[in-house]
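Biologist: Could you walk me through this one? I'd like the overall picture, then some details.

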Amino acid sequence: MNGSFNLRLASSKTRHHHHLLLLLISPARCVSLLESYAHSRSLPKLKQLHALIITFGLVCLSSHKRSTLLRSNLATTYALCGVGKNARKLFDGLPQPGLFLCNAMIRNYSQNDEPQNVLGLFSRILSSGEVLPNKFTYPFVIKACGDLELLKAGVVVHGKAVMGGFDGDMYVLNCLLAMYMNCGKVGAARWVFDKMRERSLVSYNTMIAGYVRNACPDEAILLFNQMMDLGVEYDSVTMVSILPACGQLKELALGRQLHVAIQEKDLGSNFISVWNSVIHMYAKCGSIEEGRAVFDAVSKKDVVTWTTMINGYVLNGDERTALELWWPMQLEGVKPNAVTTAALISACANRQVIKAGMCLHGWTIKELLDDDVIVKTALIDMYAQCSRLSLGFMMLRRVSERRTAPWNAILSGCAHNGLPREAIKHFKQMLDEEIDLDGATFSCLLPAYANLADLRQAYNIHGYLLKSGHLSLAEVTSGLVDLFSRCGNLELAHRIFEQIPSNSRDTIHWSVLIAGYADNGDGETAVSLLKQMMQSDVRPNEVTLTSVLNACSHAGLVDEGLDLFKLFLKEHEVTPCTDHYACMVDLLGRVGRLEEAYKLISTMSCPPTPAVWGAMLSACVIHENVSLGEMAARMLFHLEPENMGNYVLMARLYAAAGRWKDAECVRSMINDMGLRKTAAHSLIY
C-alpha cells in the first residue's frame with residue numbers, strides 16, 4: 001500500500017517538475033537562449049538546449065509561426081557554431097528561410113570550403129524573390145566565384161552587387177579584388193581598386209598578393225612603394241605577399257630592407273609564415289647563406305620552414321646540403337610531407353645520385369606517400385635525369401588518375417635523354433587518353449621538336465597549337481620561336497614573336513629570339529634586338545647576356561660585346577657567370593687580344609671552369625701563342641685529365657710553332673694514359 005502511494009507521489013512530482021520546465025523553456029525563452037549561444041558560439045549548451053526542445057516537443061506543441069522561428073534560430077545557431085550538418089537538416093525543412101539564416105548558411109558553406117553550395121543557395125535566394133541579398137551575402141558569394149574561377153558568374157554577381165547599392169562597401173570590394181585576381185583578370189582587379197573611394201590594408205594586401213600570383217612582380221613592388229608613400233601601415237600579411245615579388249625579380253636589396261622592417265616591428269614572432277617567406281626570398285635571390293642564417297634563428301620550425309630551406313639549396317645547386325637536412329628534420333620531430341619529399345627527390349635528380357633517389361623511393365612507399373601525384377612526378381623526373389627512363393615509364397603506368405604533371409615529366413625526360421620521337425609518341429598518347437594539356441606540357445614537348453629540327457614536324461605542331469587555341473600561352477609562343485629558329489626559319493620565328501602583344505613580351509620571348517639570331521650567325525640583328533628589348537623596359541637576364549655575347553663573338557663584334565658586358569654589369573646588375581666569361585674570352589681570343597682575355601680571366605670572382613680555359617686554349621692555337629696556351633693547357637689537364645681534346649689542341653699548338661718534340665711528348669701522354677677519341681656517329685631518320 002505504501003509502495004503504491006510512493007509511486008503515485010513520485011509520478012505527481014515528475015509531472016509537476018515537467019510543467020515547471022515547460023514554463024522555464026518556453027519557445028520565446030528558447031529563442032532568447034539560442035541568440036545568446038549564437039553570439040558566444042557555445043556548442044555544448046546549444047546541443048543541451050536542442051535535446052530539451054526535442055524531449056519536450058516544443059517544435060510540435062508551438063504554433064506554426066513559433067515552430068518555424070524556433071527551427072530557424074536552431075539552424076542559424078548551428079551554422080554560426082560551425083556544425084553545418086545539423087544546420088543543413090534544419091534548414092532544408094524550412095519553406096521560406098529568412099535572410100539572416102541564409103547568410104549564416106552561406107557563411108558556413110564558405111568556411112567549410114563548399115563554394116558550389118554557396119552559389120546554389122545564392123541562386124535559391126534570387127529565384128525565391130522573398131528576400132534580397134545584402135552586404136553580408138555578397139562577400140561570400142564573390143569569394144565562391146573566385147575559388148571556382150568562374151569569371152562569368154563573378155561578373156554577374158558584381159553587377160548585382162552594384163545594382164543593390166553595395167559597390168561602395170569595403171568588404172564587397174575587397175572580395176571583388178580577390179575574385180578577379182583568382183580568375184587572372186589583373187586589369188579588372190586594378191579597375192575596381194582604382195575606383196575605390198577608400199582602401200584598407202586588406203585592399204593593398206589583396207592586390208599585392210594577386211600581382212605576385214599572376215606573375216606581375218614589378219606591379220606588386222610598385223604598389224607596395226605607393227602604399228608606403230601614402231603612410232599605410234603594413235602587417236605580416238603584407239610581408240608574406242611582397243617578399244615573393246623580391247624573389248622573382250631578385251631584388252635582394254629591397255628584400256633585405258623588408259627583413260630589417262620585420263625584425264624592427266617583430267612581425268614574425270607569431271607568424272612562422274613570415275620567416276618562411278624571408279628564407280624563400282633569400283634563396284630565390286641566390287643568397288642562400290643569408291637564408292640559412294634566418295632558418296637557423298627560427299626556434300620553432302614547421303614542415304614548410306624545412307621544405308623551403310631544402311628547396312632553396314636545390315634551387316642554388318647545393319643538392320648535397322639539401323639532402324643532409326632530411327635527417328635533422330626528423331630528429332626535431334617534423335615529418336616530411338609530399339612537397340618535402342619531392343624536393344629531396346629533385347636533389348637526387350640534379351646530382352644524379354640514383355642510389356639515394358631509390359632509397360627515398362622506398363621510404364615514400366613505407367610512409368604511404370608514393371601515391372601522391374607530386375611525389376610520383378618527382379620520381380619520374382629523377383629516374384629520367386639519372387638516365388633510367390625505363391623506371392620512369394614504369395612509374396607512369398602506375399599513375400591511376402589522369403593527371404597532367406606525371407606525363408609532362410615523361411615528355412621532359414624523353415627530351416633530356418635525346419629521345420625526341422619518344423616524347424612525341426607520348427604526347428600523342430596523351431591526346432588519345434584525353435589528358436588535360438597545359439603550358440608546362442608544351443614547355444616539355446617543344447624542345448623535343450626543336451631537337452629534331454624537322455621543319456615539317458614543326459609546321460605540324462604549329463598547326464595543332466593554332467587549332468587547339470594554345471597559342472596564347474607564353475610558354476608556347478616562346479617555345480615556337482625557339483623551334484623555328486632551330487629549324488633555320490628565322491622569318492617565321494620573328495613573325496610569331498611580332499604577333500605577341502608588345503606588353504606581353506617578357507624576358508624569355510626576347511632572349512629566345514636573340515639566341516635564334518645568334519645561333520644562325522646574325523650577330524648584328526641579335527644586338528639590335530637587345531637594344532629594342534631594353535627600350536621596351538624589359539629587363540635582360542643572364543641567358544640574354546650569354547646569347548648576345550655569343551652573337552658578338554661569332555660576328556666579330558668585339559667592341560659591341562665589351563660595351564654590352566660592361567653595361568650589363570653596371571646598369572642591369574647582372575652577376576657574370578662562367579658562361580659569360582667563356583664568351584668574352586672567346587670574343588677577345590678570336591681577334592687575337594689574348595693578353596686582354598687572360599687579364600679578364602684573372603679578375604674572375606669565381607674559379608674559371610674548363611669552358612673558360614678551353615676558349616683560351618683554342619684562341620692560343622689559332623694565334624700560335626705558346627706561352628699562354630701552355631698556361632691554359634696546364635689548368636685544363638688538371639680540371640679535365642681525361643679530356644683528349646685538350647691534349648690534341650696543345651699538340652697542334654706545339655706543331656704550329658715548330659716545337660715538334662713537345663708535340664710528340666703530348667701525343668705520348670695521350671697514348672700512356674690510354675685516351676681514345678669518342679667515335680663520331682650520325683643518325684638518319
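Modeller: Here is a quick tour, from the whole chain down to single residues. Keep in mind that this is a predicted model.

Biologist: Fine. How many helices and strands does the protein chain have?

Modeller: There are 41 helices in the protein chain and zero strands.

Biologist: And what percentage of the residues count as buried?

Modeller: The protein chain has 685 residues, and 47% of them count as buried. Its accessible surface is about 35,300 Å², with 53% of that belonging to carbon and sulfur atoms.

Biologist: What about contacts between residues that sit far apart in sequence?

Modeller: Take the contacts between residues at least 6 apart in sequence: 60% of those join residues at least 24 apart.

Biologist: OK, on to empty space. How many cavities of 30 Å³ or more does the structure hold?

Modeller: One. The largest cavity has a volume of about 40 Å³.

Biologist: Which residues line the largest cavity?

Modeller: Its lining is Tyr 109, Ser 110, Asp 113, Glu 114, Pro 115, Val 118, Phe 140, Lys 143, Ala 144 and Asp 147. By class, that lining has five nonpolar, one polar and four charged residues.

Biologist: Which helices supply at least two residues each to that lining?

Modeller: α7, α8 (115–128) and α9 do. The largest share, four residues, comes from α9.

Biologist: Now the second largest pocket. How much space lies in there?

Modeller: About 340 Å³. The residues lining the second largest pocket are Leu 80, Phe 100, Asn 103, Ala 104, Arg 107, Asn 134, Lys 135, Phe 136, Pro 139, Phe 140, Asp 169 and Tyr 171.

Biologist: Which helix gives the largest share of that lining?

Modeller: α7, with four residues. Both α7 (99–111) and α9 (138–147) supply at least two residues each to the second largest pocket.

Biologist: So where have I seen Phe 140 before?

Modeller: In the largest cavity: Phe 140 is among the residues lining that cavity, and Phe 140 also lines the second largest pocket.

Biologist: And how does the lining of the second largest pocket split by class?

Modeller: Seven nonpolar, two polar and three charged residues.

Biologist: Changing topic: Ala 161. Is it buried or exposed?

Modeller: Ala 161 counts as buried because its relative accessibility is 1%, and the cut-off for buried is under 20%. Ala 161 lies in helix α10, residues 151–163.

Biologist: What is Ala 161 in contact with, leaving aside its neighbours within four places in sequence?

Modeller: Tyr 138, Phe 166, Asp 167 and Val 172. Val 172 is 11 residues from Ala 161 along the chain, and their C-alpha atoms are separated by 8.1 Å.

Biologist: Any backbone angles I should look at?

Modeller: Two to look at are Ala 453 and Glu 624. Ala 453 has a phi near 55°, which is positive although the residue is not glycine. Glu 624 also has a positive phi, near 55°, and is a residue other than glycine.

Biologist: Why point those out?

Modeller: Because most residues other than glycine have a negative phi.

Biologist: Where is Ala 453 placed?

Modeller: Ala 453 is in the loop between α28 (439–452) and α29 (455–468). Ala 453 is partly exposed, with a relative accessible area of 41%.

Biologist: And where is Glu 624?

Modeller: In the loop between α38 (610–623) and α39 (626–639). Glu 624 counts as partly exposed because its relative accessibility is 47%, and partly exposed covers values between the 20% and 50% cut-offs.

Conventions
Residues numbered from 1 in each chain as written. Predicted model: local features only at pLDDT ≥ 70, side-chain atom pairs only at ≥ 80, totals over all residues. Heavy atoms only, no water. 1 Å grid on protein atoms, 1.4 Å probe; cavity = no way out; pocket = protein on both sides within 12 Å on 5 of 7 lines; lining within 4 Å. Points joined across faces, edges and corners; volume = space filled by probe spheres on them. Nonpolar A, V, L, I, M, F, W, Y, C, P; charged D, E, K, R; others polar. Buried < 20%, exposed > 50% of the residue type's maximum accessible area, 1.4 Å probe, protein only. Contact = heavy atoms within 4.5 Å. Areas by Shrake-Rupley, 256 points an atom, 1.4 Å probe, with all protein chains shown as cover.
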